[in-house]
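This report is written for a reader who is meeting the structure for the first time. It takes up an annotated domain, selected sites, helix packing and local backbone geometry in turn.

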Amino acid sequence: MDRKKDFNKNKNQNQQQIMQQPIGAMNYNFSFDKSFGQHILKNPLVVQQIIEKSGIKPTDVVLEIGPGTGNLTQSLLERSKKVIAVEIDARMIAEVSKRVNKLGYQHKFQLIQGDAIKTQLPFFDLCVANTPYQISSPLVFKLLQHRPIFRCAVLMFQREFAMRLVAKPGSDMYCRLSVNVQLLARVDHLLKVSKNSFKPPPKVESSVVRIEPKFPPPPINFTEWDGLVRLCFLRKNKTMSAIFRLKQVLKMLHKNFVTFQTELKVGGQQALAQQDQQVDLTAFMLDENQLEQKLSKKDKRLEKIAAKGALKEGEDGDDDEEEKMEDEPEDEAENDPIQSIKAFKKLVVKTLEDNQMHEKRACKMEIIDFLNLLKIFNEQGVHFK
Ligand SMILES: C[S@@+](CC[C@H](N)C(=O)[O-])C[C@H]1O[C@@H](n2cnc3c(N)ncnc32)[C@H](O)[C@@H]1O
């Protein structure tokens, strides 16, 4: 009994000592590695605010990505049932383990050494982290892909990334990332954090956001969704009419259309229905560099169309040049969108016009507009992957 009392007394003293220490004053006999985004949170007020905004319950299992030296970990351990932390750097692993042991919290702390993106994540209720910024995008989609769905994530990101996450239609920051994340989650900006709250200070400002996954997740085929959204954002200020009249776009969609019709004929409907059930956000997870490496030739052609300014700013895209198709159809195929790309173009344009989507622009489209666009095209057999 006395031993237990002594243990608790020591534990409380240790906790108080660590709490009273200004975080930035702690000295470590190693230098922080910028390639791992090691900017530790030295401002205890920011730690406190993150904890408050996280709404941690004593029954919660909390996932922390990149505990570093444990500044956030300590507060997470004080309020939750368990903390599972994923850390890539062995030096940080040693540091945070030492700290947790000193505090006497080792019984509710699990440390996974490795790259959070490559690690299979266990069950968690909440994810709270001052994230390494170089993995922001893949991390968000990895979390959103995780099953069972977690309650909420409170994460620190580079300010610009955070603003893109929460951007609404009409804002300059509204982009493919905003649409893909907001399809799957409610995202709110919580807190601006200055560079000086970190050691060493990063070059950019930071923000904390809350991500609450939608439950149940929308029942759509994410590969199809991603294909459509990529096209719409080739030039986000252009009309759908302009984008879907592009020769290269039409050629690609026509090829998909023909493949789809063939698959239907050979009983592929079942396979396509099954595909709809899958949750595969791999394409969303790629950041811009990885994307460049993974883009198929076809995708690269699309990127080139955008880069070359096939749709230059100010152009409405109804220009005859773009509408002209190289392959003039045979007479008998004129009305058959399988045989004739010209007939296929008519189908695409009619689908847009009949549903009043032709004048919409990605920069101002709500999630519901993208969902509607996908639905009306899919109903006509027009597919994006
Ligand atoms: C911004 S620091 C945050 C440290 C600590 N949480 C804090 O707030 O003081 C990011 C941490 O993530 C770790 N890290 C970087 N890349 C990682 C990855 N791919 N997987 C897991 N941890 C990573 C770094 O080593 C570092 O400890």
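In an unreviewed entry, UniProt lists residues 46-215 as "domain: Ribosomal RNA adenine methylase transferase N-terminal". The model described here is predicted. Over residues 46-215 the chain is 35% helix and 28% strand, and the C-alpha atoms at the two ends of that range are 29 Å apart.

## Annotated binding site

The UniProt annotation "binding site", also from an unreviewed entry, covers His39, Leu41, Gly66, Glu87, Asp115 and Asn130. Two of these positions, Leu41 and Gly66, are described here in turn.

Leu41 belongs to strand E1, which spans residues 40-41. Its relative accessibility is 3%, and Leu41 therefore counts as buried, the cut-off being under 20%.

Gly66 is placed in the loop that joins strand E2 (61-65) to helix H3 (71-79). With a relative accessibility of 25%, Gly66 counts as partly exposed. Which residues does Gly66 touch, not counting residues up to four places away in sequence? They are Val86, Glu87 and Asn130. Glu87 and Asn130 are themselves covered by the "binding site" annotation in the UniProt record.

## An enclosed helix

Helix H5 is formed by residues 136-145. Of its 10 residues, 9 are buried, so helix H5 is largely enclosed by the rest of the structure. The buried residues of H5 are Ser136, Ser137, Pro138, Leu139, Val140, Phe141, Lys142, Leu143 and Leu144. Lys142, a charged residue by class, is among the buried residues of H5.

## Packing of helices

Two packed helices are described by the angle between their axes and the distance between the axes. Two such pairs, both involving helix H7, are set out below.

| Helix pair | Angle between axes | Distance between axes |
|---|---|---|
| H6 and H7 | about 60° | 7 Å |
| H7 and H17 | about 90° | 10 Å |

Helix H6 consists of residues 159-166 and helix H7 of residues 176-184, and the two pack at an angle of about 60°. Because of that angle, H6 is oblique to H7. The crossing in which H6 passes H7 is right-handed. On the H6 side the contact is made by Phe161, Arg164, Leu165 and Val166, and on the H7 side by Leu177, Ser178, Val181 and Gln182. By class, this contact of H6 with H7 has 5 nonpolar, 2 polar and 1 charged residues.

How are H7 and H17 arranged, given the angle at which they pack? Their axes, 10 Å apart, form an angle of about 90°, which means that H7 is roughly perpendicular to H17. Val179, Gln182 and Leu183 of H7 make the contact with Ile367, Phe370 and Leu371 of H17. The residues of this contact of H7 with H17 divide into 5 nonpolar, 1 polar and no charged. Gln182 of H7 takes part in the contact with H6 and also in the contact with H17.

## Backbone features in loops

Where are the cis peptide bonds described here? One runs from Arg147 to Pro148, with omega near 0°. Pro148 is found in the loop between H5 and strand E6 (152-158). Another cis peptide bond runs from Lys199 to Pro200, with omega near -10°. Pro200 is located in the loop between strand E8 (198-199) and strand E9 (206-213).

The loop between H16 and H17 holds Gln356. Phi of Gln356 is near 50°, which is a positive value in a residue other than glycine. Gln356 has a relative accessible area of 57% and is exposed.

## Exposed residues and chain separations

Glu359 lies in the loop between helix H16 (341-354) and helix H17 (367-379). Is Glu359 buried or exposed? At 61% relative accessibility, Glu359 counts as exposed, because the cut-off is over 50%. Glu359 and Met240 are 119 residues apart along the chain, and their C-alpha atoms are separated by 6.1 Å.

Lys102 is part of helix H4, which covers residues 90-103. Its relative accessibility is 53%, so Lys102 counts as exposed. Lys102 and Asp89 are 13 residues apart along the chain, with 20 Å between their C-alpha atoms.

Methods: Residues are numbered from 1 along each chain as its sequence is written. This is a predicted model: local features need pLDDT of at least 70, side-chain atom pairs count only at pLDDT 80 or more; totals for chains, interfaces and linings use all residues. Side-chain values use heavy atoms; hydrogens and water are left out. Helices (H or I, at least four residues) and strands (E, at least two) are DSSP runs, numbered from the N terminus. Buried means under 20% relative accessible area, exposed over 50%, partly exposed in between (1.4 Å probe, protein chains only). Axes are lines fitted to C-alpha atoms, for helices over the stretch in contact, and angles run from 0 to 180 degrees between N-to-C directions. Angles under 35 degrees count as roughly parallel, over 145 as roughly antiparallel, 65 to 115 as roughly perpendicular and the rest as oblique. A crossing is left-handed if the near helix is turned anticlockwise from the far one by less than a right angle, and right-handed if clockwise. Contact means heavy atoms within 4.5 Å. UniProt positions are given in the numbering used here, feature names are shortened, and annotations may be inferred rather than shown by experiment.
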